[in-house]
Amino acid sequence: KRRGFLGAIGAMACAPLLQGCAPELAPSLPPGRVLGDAPELGHRLRGGSADAYPAPGETRRIPVLIVGGGIGGLAAGWKLARSGFDDFLLLEMAGETGGNSRGLATAAGACPLAAHYLPLPGVEAVAVRELLAELGVLQGDPRALRPTYDERYLCAVPQERLCRDGLWQEGLWPQIGVSASDRGQYARFQELMNAYRDRRAFTVPMAHSKRSPELLALDRVSMRDWLLAQKLDAAPLHWYVDYACRDDYGTASSETSAWAGIHYFACRSGEAANAEHDTVLTAPDGNAWLARGLERGITSRSPGRIVNGALAVRVEQTRRAVLVDVFFPAEGRSVRYEAGQLIWAAPLFLVPRVFVGEPRLADAARQYSHAPWLVANLVVTHLPVASAGAPLAWDNVLYGSPGLGYVVSTHQQMRLADAGAVLTYYRALAGVSPAAGREALLARSREAWLDEVFADLGRAHAELRSLTVAADVIRLGHAMARPTVGFVWGGAREAFAADSPRLRFAHADVSGFSIFEEAQYRGVLAAERTLRRLGVRFTSSLV
């Protein structure tokens with residue numbers, strides 16, 4: 001398992017032997033869609049001029065305005081509504097809320113658009129546990145050390161497997177072809193991570209992590225260089241750590257801050273009464289169930305507070321309010337909102353394009369970089385197989401791949417008969433600069449990307465292309481903030497983490513990297529700060 005260590009290994013052939021040498025014509029590419037970010041709206045904002053939009057035809061006053069309906073914005077609205085405050089409005093650019101935690105519907109059932117799991121939350125992640133209890137997934141006291149979870153959401157076994165040199169193994173720590181020296185380095189690495197974990201040096205939320213000079217100094221070196229400084233140079237270990245950095249941060253280990261890299265391995269402390277500590281919570285549509293739960297927590301308590309298809313194009317603070325001009329593309333008109341309090345829960349790369357008269361915030365936002373991602377959802381008539389009966393896991397990874405493998409949408413459904421499913425393939429475009437990656441996402445056709453996906457996965461599943469009857473490609477140009485060397489504690493984040501009289505930020509970007517717990521924490525924190533400013537009594541979800 002990904003966060004376990006030296007699990008049991010069952011090596012089995014991962015692809016049938018070639019049957020003869022005669023070339024065969026590749027089947028034509030299946031039909032599908034191109035989904036994801038809306039570049040036409042984003043690039044219109046990139047022009048940097050509000051003149052590109054119609055002038056506001058009316059002004060509306062609202063005590064609290066939330067801009068952005070990803071997890072951060074939904075969490076802010078959820079906390080406000082949960083605290084009995086309903087005089088707010090949440091605006092989302094897309095046609096639905098959820099951001100990277102949205103799901104997709106296909107002929108074979110639901111599947112993720114991007115984010116697809118939640119590790120068991122530790123005791124510090126109070127807000128996450130409160131949400132899970134509200135949804136009935138965490139059963140009993142949400143503050144218990146080892147609560148019980150609904151079995152339907154605990155990832156079914158086998159959870160993870162790795163294909164290397166034509167063989168499958170259980171778990172993602174490479175075991176095939178690994179020397180005794182490599183295993184010794186595995187053990188040494190795990191000792192170092194356990195020491196950090198025992199000290200509670202790294203936590204989720206990251207804001208509760210310890211900040212000694214020794215720990216903060218880790219931000220000034222790359223994860224790769226830190227490994228080498230510990231005399232850890234085993235190739236399988238470096239592959240796995242690099243995979244982990246690309247998987248959570250969209251960034252190679254040679255560019256990832258060692259603080260962030262170690263955080264990945266040392267921050268998790270969640271336990272369960274009915275599951276192993278490294279089990280994850282998941283569903284066929286990834287994390288969409290969590291986004292729906294947050295949205296339902298708003299609409300059930302405060303109906304009519306979410307507005308989709310609304311693009312904030314200009315923000316200006318005055319002495320009495322925050323003015324937010326919002327463009328409604330479907331209607332071709334703009335509205336000015338005069339907000340007493342603004343919670344900005346959209347990505348921070350938009351700040352220099354939208355905020356007026358805020359040079360300090362604009363300069364801080366320009367220090368961020370965001371990773372582009374490609375996701376492909378392959379609808380298959382039946383699951384691909386591996387010879388020798390290797391069991392298909394939920395998460396299936398190929399050693400040495402430019403991609404991050406795929407998850408199986410039907411894994412949680414425990415189907416007894418083989419049937420259609422969706423394989424969700426992930427690839428962080430970490431081999432090029434973020435700008436070059438975004439350019440490639442837009443310039444290359446769906447067919448060209450699918451050719452690469454099938455070539456990559458075809459090393460393990462030669463028959464995959466012929467099994468696929470539909471394939472959607474999802475382009476995420478600014479999928480997540482990159483915790484590069486020197487960034488996490490370099491000062492840029494602090495500009496957005498601070499409170500101010502009328503404005504606060506509630507996106508995972510404020511933490512410097514994108515995971516569900518950080519986005520929810522930032523949203524709840526912004527909501528609680530807003531409630532304090534308004535003099536509204538509430539019970540904190542953060543302590």
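The questions and answers below deal with selected helices and loops of a predicted model.

Reader: How are H3 and H16 oriented to each other, roughly parallel or roughly perpendicular?
Author: Helix H3 covers residues 126-134 and helix H16 covers residues 516-534. Their axes come within 9 Å and cross at roughly 95 degrees. Angles of 65 to 115 degrees count as roughly perpendicular. The two helices, H3 and H16, are therefore roughly perpendicular.

Reader: Which residues of H16 are met by Ala127, Val128 and Leu131 in H3?
Author: By class, the contact of H3 with H16 has 5 nonpolar, 1 polar and 1 charged residues. On the H3 side stand Ala127, Val128 and Leu131. Their partners in H16 are Phe516, Glu517, Gln520 and Val524.

Reader: Why is helix H8 largely enclosed by the rest of the structure?
Author: A residue counts as buried when its relative accessible area is under 20%. Helix H8 spans residues 258-266, and among its buried residues are Trp259, His263 and Phe265. H8 is largely enclosed because the buried residues number 9 of the 9.

Reader: What covers the buried residues of H8?
Author: The buried residues in question include Ala258, Gly261, Ile262 and Tyr264. Contact here means heavy atoms within 4.5 Å. The cover includes helices H4 (180-198), H5 (213-216), H6 (223-229) and H7 (235-249).

Reader: At the start of H8, which backbone nitrogen does a side-chain oxygen of Ser257 reach?
Author: The side-chain oxygen belongs to Ser257, at the start of H8. The oxygen reaches to within 3.1 Å of its partner. That partner is the backbone nitrogen of Trp259.

Reader: Where is Pro205, which a cis peptide bond joins to Val204?
Author: The bond between Val204 and Pro205 has an omega of about 5 degrees. Pro205 lies in the loop between H4 and H5.

Reader: What is omega for the cis peptide bond from Val157 to Pro158?
Author: Pro158 sits in the loop between strand E9 (148-149) and strand E10 (160-164). The peptide bond leading to Pro158 from Val157 is cis, and its omega is near -5 degrees.

Reader: Is Asp165 buried or exposed?
Author: Asp165 is in the loop between E10 and strand E11 (167-170). Its phi is positive, about 55 degrees, although Asp165 is not a glycine. A relative accessible area over 50% counts as exposed. Asp165 has 64%, so Asp165 is exposed.

Reader: What is the relative accessible area of Lys231?
Author: Lys231 is found in the loop between H6 and H7. Lys231 has a positive phi, near 60 degrees, in a residue other than glycine. Lys231 is exposed, and its relative accessible area is 71%.

How values were computed
Residues numbered from 1 in each chain as written. Predicted model: local features only at pLDDT ≥ 70, side-chain atom pairs only at ≥ 80, totals over all residues. Heavy atoms only, no water. Axes fitted to C-alpha atoms, helices over the stretch in contact; angles between N-to-C directions. Helix = DSSP H or I, 4+ residues; strand = E, 2+ residues; numbered from the N terminus. Parallel < 35°, antiparallel > 145°, perpendicular 65-115°, else oblique. Nonpolar A, V, L, I, M, F, W, Y, C, P; charged D, E, K, R; others polar. Buried < 20%, exposed > 50% of the residue type's maximum accessible area, 1.4 Å probe, protein only. Polar contact = N/O pair within 3.5 Å; in protein donor to acceptor, adjacent residues only side chain to side chain.
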